[in-house]
Amino acid sequence: MAVLLAGIGPGDEVIMPSFTFVSAATAVVLRGGVPVFVDINPVSLNLDPAAVEGAITDATKAIITVHYASVGTGIDRLVTLCQRHGLILIEDAAHAVGATFEGQPLGSFGQMATLSFHETKNVISGEGGALLINDPELIARAEVISDKGTDRARFERGETQKYVWQDVGSSFRASELTSAFLLAQLEEQDAIVARRRELWARYHIALESHEIRGGLLRPNISQSCGTNGHIYYVLLSDEDKRRTLIDGLKAQGIHAVFHYVPLHDSPAGRRYSRTAGSMAHTVSIASRILRLPMHLGLTNVAVDRVVTALGETLGKPSDG
Ligand SMILES: Cc1ncc(COP(=O)(O)O)c(C=O)c1O
């Protein structure tokens with residue numbers, strides 16, 4: 001919906017990270033647009049604003065940025081860049097419900113922001129999401145697009161005698177059952193974020209000694225970011241080390257996982273998109289990142305068990 005509202009059409013370029021989920025890229029391709037992938041910053045894991053600036057061409061229409069692991073670093077520079085070049089900024093805030101940058105909620109910086117309520121997220125409804133619109137001029141069209149391209153919402157408010165097909169659109173609305181489930185989740189959002197932050201901090205403190213010994217890197221998050229504890233990840237020295245850890249943890253019944261396979265290096269990515277500049281950080285981070293178990297049902301004891309198992313597995317090569 002965001003891409004439709006942004007008016008992306010054939011040949012329009014949309015700059016986005018390759019280190020992300022497919023939703024943003026496939027939405028652009030569905031409108032005939034071209035995703036242009038640029039590299040991420042290796043510390044924030046968000047779009048590198050300098051790389052974005054270098055990728056802007058006459059065909060660039062929008063930037064879709066991701067707040068990876070609910071970190072907002074770089075969003076201020078992207079806002080300035082978009083204003084300077086007359087581009088639409090869309091925040092993929094799938095990870096970022098309840099997170100802030102310099103005190104301002106993520107999802108409120110661009111003209112639009114997309115949220116995900118997929119079961120893996122902080123606030124869930126099984127599947128589904130929401131579009132946040134920060135530009136009042138887009139709201140009337142969004143209402144129509146979200147309701148199969150009709151003005152039924154105006155009809156239901158008594159503003160028109162009948163509703164008719166007005167525009168392109170689809171069935172973007174959530175069912176009442178899904179919405180009811182989501183409402184209960186949203187009511188608990190503060191408690192959910194608070195508990196996830198506790199779990200995040202517990203990992204972070206417990207893993208400091210491993211970082212000092214050089215076994216891994218912990219997330220390095222600027223003071224400006226109020227994160228929501230969505231993901232706790234570590235960065236390993238290389239892919240082999242990560243494989244050893246995944247297998248070692250699995251042997252102890254612990255499910256730790258890597259994350260995105262870079263989109264530019266996927267079959268559809270190669271067919272439909274292009275890259276701009278080096279993708280070295282994207283490729284490197286994608287091969288070294290390991291996400292540790294993080295969900296609301298996780299206990300402090302379970303976090304401690306993960307940390308112990310991780311320490312044992314990290315120690316193995318040098319012990320043996
Ligand atoms: C950055 C990002 N955007 C979007 C999504 C997907 O959202 P949805 O499945 O609701 O389209 C994910 C899911 O993992 C994601 O990580």
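In the next few minutes I will talk about the aromatic pairs in this structure. Please keep in mind throughout that what we are looking at is a predicted model.

A pair of aromatic rings is described by the distance of the centres and the angle of the planes. The structure holds eight aromatic pairs, and I will go through two of them. The pair formed by Y68 and Y233 is tilted, with 6.0 Å from centre to centre and 55° between the planes. This pair links distant parts of the chain, since Y68 sits in the loop between β3 (60-66) and α4 (75-85), while Y233 belongs to strand β10 (residues 233-235), 165 residues apart.

Are these two residues buried or exposed? Y68 counts as buried because its relative accessibility is 1%, and Y233, with a relative accessible area of 5%, is buried as well.

Let me turn to W200 and Y232, whose ring centres lie 5.1 Å apart and whose planes stand at 70°, so this pair is edge-to-face. W200 lies in helix α8 (residues 189-206) and Y232 in the loop between β9 (225-226) and β10, so the pair ties together parts that are 32 residues apart in sequence. As for accessibility, W200 counts as buried at 14%, and Y232 counts as buried at 0%.

Finally, I would like to come back to Y68 and Y233, because ring pairs link these two residues with F19 and Y260 into a cluster. When you look at the model, you may therefore start from the tilted pair of Y68 and Y233 and then find F19 and Y260, the other members of that cluster.

Key. Residues are numbered from 1 along each chain as its sequence is written. This is a predicted model: local features need pLDDT of at least 70, side-chain atom pairs count only at pLDDT 80 or more; totals for chains, interfaces and linings use all residues. Side-chain values use heavy atoms; hydrogens and water are left out. Rings of Phe, Tyr and Trp (its six-membered ring) pair if their centres lie within 6.5 Å; planes under 30 degrees apart count as stacked, over 60 as edge-to-face and the rest as tilted. Helices (H or I, at least four residues) and strands (E, at least two) are DSSP runs, numbered from the N terminus. Buried means under 20% relative accessible area, exposed over 50%, partly exposed in between (1.4 Å probe, protein chains only).
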